[in-house]
Amino acid sequence: MWLPLLLGALLWTALWLLRDRQSLPASDAFVFITGCDSGFGRLLALQLDQRGFRVLASCLTPSGAETLQRMASSRLHTTLLDVTDPQNVQRVAEWVEIHVKEAGLFGLVNNAGVAGIIGPTPWLTREDFHWVLNVNTLGPISVTLTLLPLILRARGRVINITSVLGRLAANGGGYCVSKFGLEAFSDSLRRDVAPFGVRVSIVEPGFFQTPVSNLENLENTLQACWRRLPPATRARYGEAFLTAYLKVQRRIMNLICDPDLTKVSRCLEHALTARHPRTRYSPGWDAKLLWLPASYLPASLVDAVLARVLPKPAQSIS
């Protein structure tokens with residue numbers, strides 16, 4: 001009985017691998033990428049440029065755009081984009097249409113994102129959540145809907161970079177909330193545009209060493225958040241809590257963060273160039289072996305493990 005099952009599983013795996021490795025013919029199609037100042041966005045823009053794609057790269061800062069332009073070929077074009085500014089998004093969409101003309105836009109990669117404050121939820125304000133959601137969720141939604149007519153014209157692809165923390169909220173703050181929201185948007189969009197030949201993929205990286213995960217920035221924002229708390233809240237947690245929380249955060253980031261950003265860019269390239277792109281990609285060993293398996297465990301078990309990892313407030317009930 002077990003032998004036929006094993007042979008069936010091996011056959012299915014072989015067929016899946018063969019299908020997964022089928023690529024589209026070499027192309028000079030247009031791809032628009034947000035957040036190309038650094039990190040995944042810059043790396044992907046340069047790799048696609050080397051492969052012959054006509055890359056339209058948006059950056060938040062002039063210095064980021066100038067640096068990228070110097071590193072790339074003349075095929076790559078840069079523009080400035082703040083994804084939270086609807087008027088800016090509309091102007092950039094018009095700029096994209098001038099470039100792509102009747103060919104349409106084959107690829108959209110929503111990469112721009114911020115971390116915000118990573119810390120206990122009771123420390124945060126509505127504005128803290130609002131800023132992160134604006135950049136990480138509403139920004140990609142705005143860019144996608146504005147460019148969708150050009151994507152439909154090319155029967156193209158939308159790739160949204162979320163996070164494993166969009167599957168398991170391991171910490172407080174707007175980051176996990178924003179990534180859960182972008183996952184939901186991606187799922188509904190995928191089903192709605194599939195009849196028109198448009199494919200939607202989600203890339204859920206684990207922890208990588210990028211400006212978004214810069215440990216010094218994360219610590220500075222959390223310390224600034226602590227200083228603005230009311231005295232009663234600080235007394236409830238205690239000074240030792242902040243020190244211990246930062247220590248745990250530092251230990252986790254140093255242990256898990258992967259410096260090899262090409263693990264993510266390879267997934268992004270596959271989503272753009274494969275004949276049959278996957279619905280989801282999970283680059284990073286921690287994504288595959290830690291966060292995704294944990295997301296399927298009972299919530300009570302995950303809560304118990306995290307409760308042992310994180311420090312307890314001074315006035316917590318034992």
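This report describes the nonpolar cores, one helix pair and several individual residues of a predicted model.

Residues are numbered from 1 along each chain as its sequence is written, and side-chain values use heavy atoms, with hydrogens and water left out. Because the model is predicted, local features need pLDDT of at least 70 and side-chain atom pairs count only at pLDDT 80 or more, while totals for chains, interfaces and linings use all residues.

**Nonpolar cores**

A nonpolar core is a set of buried Ala, Val, Leu, Ile, Met, Phe, Trp, Tyr and Cys residues joined through side-chain atoms within 4.5 Å. Buried denotes under 20% relative accessible area, exposed over 50%, and partly exposed in between (1.4 Å probe, protein chains only). The largest core has 30 residues, and those with the most contacts inside it include Ile-33, Leu-48, Val-109 and Leu-268. Two or more residues come from each of strand S1 (30–33), helix H2 (39–51), strand S2 (54–59), helix H3 (62–71), strand S5 (157–161) and helix H10 (262–273). Helices (H or I, at least four residues) and strands (E, at least two) are DSSP runs, numbered from the N terminus. Another core, of 28 residues, lies apart from the largest one; among its members are Phe-30, Leu-81, Val-83 and Ala-93.

Beyond neighbours within four places in sequence, Leu-268 is in contact (heavy atoms within 4.5 Å) with Leu-44, Val-109, Ile-159, Ile-161 and Val-203.

**Helices H4 and H5**

Helix H4 (residues 86–100) packs against helix H5 (residues 126–154) at an angle of about 20°, their axes being 9 Å apart. H4 is therefore roughly parallel to H5, a term for angles under 35 degrees. Axes are lines fitted to C-alpha atoms, for helices over the stretch in contact, and angles run from 0 to 180 degrees between N-to-C directions. Among the residues that meet are Ala-93 and Val-96 in H4, and Val-143 and Leu-147 in H5.

**Individual residues**

The table lists four residues with their places and accessibility.

| Residue | Place | Relative accessible area |
|---|---|---|
| Asn-88 | helix H4 | 12%, buried |
| Ser-58 | strand S2 | 1%, buried |
| Lys-101 | loop between H4 and strand S4 (107–110) | 54%, exposed |
| Arg-155 | loop between H5 and S5 | 62%, exposed |

Not counting residues up to four places away in sequence, Asn-88 touches Leu-80, Leu-81 and Asp-82. On the same basis, the residues that Ser-58 touches include Phe-32, Ile-33, Thr-79 and Leu-81.

Most residues other than glycine have a negative phi. Lys-101, however, has a positive phi near 55°, and the phi of Arg-155 is also positive, near 50°.

Definitions and conventions:
Angles under 35 degrees count as roughly parallel, over 145 as roughly antiparallel, 65 to 115 as roughly perpendicular and the rest as oblique.
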